[in-house]
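The following exercises concern a ligand shell, an annotated site and the arrangement of domains. Each task is followed by a solution in steps.

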Amino acid sequence: MKLQNFIDGKWIANEDLQTIPVINPADGEQLAEVPLSTKDQVDEAVAAAKSAQKKWALVPAPRRAEYLYEIGFKLKEKKEYLAQILTKEMGKVIEEARGEVQEGIDMALYMAGEGRRLFGETTPSELADKFAMSVRAPVGVVSLITPWNFPIAIATWKAFPAIVAGNTVVWKPSIETPLMAYEMAKIFEEVGLPKGVANVVFGTGTSVGTEMVKHPDVKIISFTGSNETGSKVAELGGKHLKKVSLEMGGKNAVIVMDDANLQLAVEGIVWSAFGTAGQRCTACSRIIVHKDVKDELEEMLVEAISKLTIGNGLDPTIKIGPVINRSALEKIQHYVDIGKSEGATLLVGGRALTAPPFDKGFYFEPTIFTDVKNDMTIAQEEIFGPVVSIISVDSLEEAIEVNNSVKFGLSSSIFSQDINKLFIAQRDLDTGIVYINAGTTGAEIHLPFGGTKGTGNGHRDSGQAALDVYTEWKSIYVDYSGKLQRAQIDIEN
Ligand code: UN1
């Protein structure tokens, strides 16, 4: 199957475009071919989105929201079908794939509700017989650049607030996971979303992404992905005076204090470090443990990891699927080699699985390093795989300092039974998300999602905060005095 772009409500064949195969990372099977679009297709999609936007902005928000309800119901109807495809193209295990589709359903219904809110503000005027209010106005054409690790959920965090607020969208999904975008486009068509409101253009970041970011008719770029690419998007977007919303990396830690419920901590660590094979921006990749419980925690972790099953995520007994592709596998191996060469101790794992039945896919063992020093590469850089570093500390203050010493600030977590420590931690952990007695993953769609420092640029996906990305405030003054009233004139004189 050769995928087609979805532009202006139509499937566009573009036979002359070069294609690349979409590969199942679990077994190397080719699932489809994806076209590599060029500037022409971007121009076409932006033109369609621009012309649709004028009409779309005039559709009352509660009516716009009705399409989102329909999209949510369709996603629900197709949940199992979509989850199966998601596991095939991305590799995450089936229960997680179902969970991700559910995130998309939740986001559709949540943002549909926004159609009847989109609250603005009324404010007293300085002058008599004058009314002042501020409303959220749509901005125009929004470009979405989304990653392969959450091919549906992250796109819905961006597309749905944009659409309900009266914008139109041109979406470039990751070239690794185009099938989810293709399925979403089918849903846009099935629910009769007016043509041009949501367009999908397949291609690489360097061609399609760049063209979208510089296009004069694109007003907002919403990007989730690596810091390296995000900085380029910010630079190019800045040059063209675009509003750019960035969600990038993490180096998230679980802090385990000496009074923690260790069993709970182990469960939280295993789930957030090795779920999705560690390929979440929110994944735990550091364990900051109080020295008095380090040995016990390590023993328990090794025991817990020995029970994790690795393999094709379509098998419901499997807990850890493959990583996305060969280059990810090599990058993870590279970091493990650096960890060893810098003097960290390998507690468990450390190898890519290359013998049958794993030889056709891209599998890496759950890996834990211990005796990691905070300045080692594996303690500072994002690995984006199932690799965790244990760093030992003497106190809560030191734990917080270590947590905050990395260049990222997405998620953090602390396990303790001391309410005072927990409140200090929630205040002082410098991340956009803090979990108390839970792992670092599992953000809910109705809360702001994003991070401090190198994780982003101050914007948030999800929750009400997402509306700030996709709207501009418009202040409206209504003078009903029947005379010219002049503000900022000194009335004493
Ligand atoms: C991501 O990896 O970028 O909080 C998104 C979580 C999920 C989303 C992760 N709800 O782990």
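Two residues are in contact if their C-beta atoms, placed from the backbone, lie within 7 Å. The model examined here is predicted.

**Exercise 1.** Determine whether Glu-247 is buried or exposed, and list what Glu-247 touches.

*Solution.* Glu-247 is covered by the UniProt annotation "active site", taken from an unreviewed entry. The residue is located in strand 11 (residues 243-247). A residue is buried if 20 or more other C-beta atoms lie within 10 Å of its own. Glu-247 has 28 C-beta neighbours inside 10 Å and therefore counts as buried. Leaving aside residues up to four places away in sequence, Glu-247 touches Thr-224, Cys-281, Gly-450, Gly-456 and Asp-461.

**Exercise 2.** Describe the domains and the contact between them.

*Solution.* The domain assignment of the chain gives domain 1 (5-248 + 456-476) and domain 2 (252-436). Their centres, taken over C-alpha atoms, are separated by 31 Å. To the contact, domain 1 contributes 17 residues and domain 2 contributes 20 residues. On the domain 1 side, helix 3 (79-90) and helix 4 (94-114) each supply at least two residues. That side of domain 1 divides into six nonpolar, five polar and six charged residues.

**Exercise 3.** State where the ligand lies with respect to domain 1 and domain 2.

*Solution.* The residues around the ligand include Asn-149, Phe-150, Arg-280, Cys-281 and Thr-441. By class, the shell comprises four nonpolar, four polar and one charged residue. Both domain 1 and domain 2 give residues to this shell, so the ligand lies between them.

Terms used: Residues numbered from 1 in each chain as written. Predicted model: local features only at pLDDT ≥ 70, side-chain atom pairs only at ≥ 80, totals over all residues. Near = placed C-beta within 6 Å. Nonpolar A, V, L, I, M, F, W, Y, C, P; charged D, E, K, R; others polar. Domains from an automatic or database assignment. UniProt positions renumbered as here; feature names shortened; annotations may be inferred. Helix = DSSP H or I, 4+ residues; strand = E, 2+ residues; numbered from the N terminus. Buried ≥ 20, exposed ≤ 12 C-beta atoms within 10 Å, placed from the backbone.
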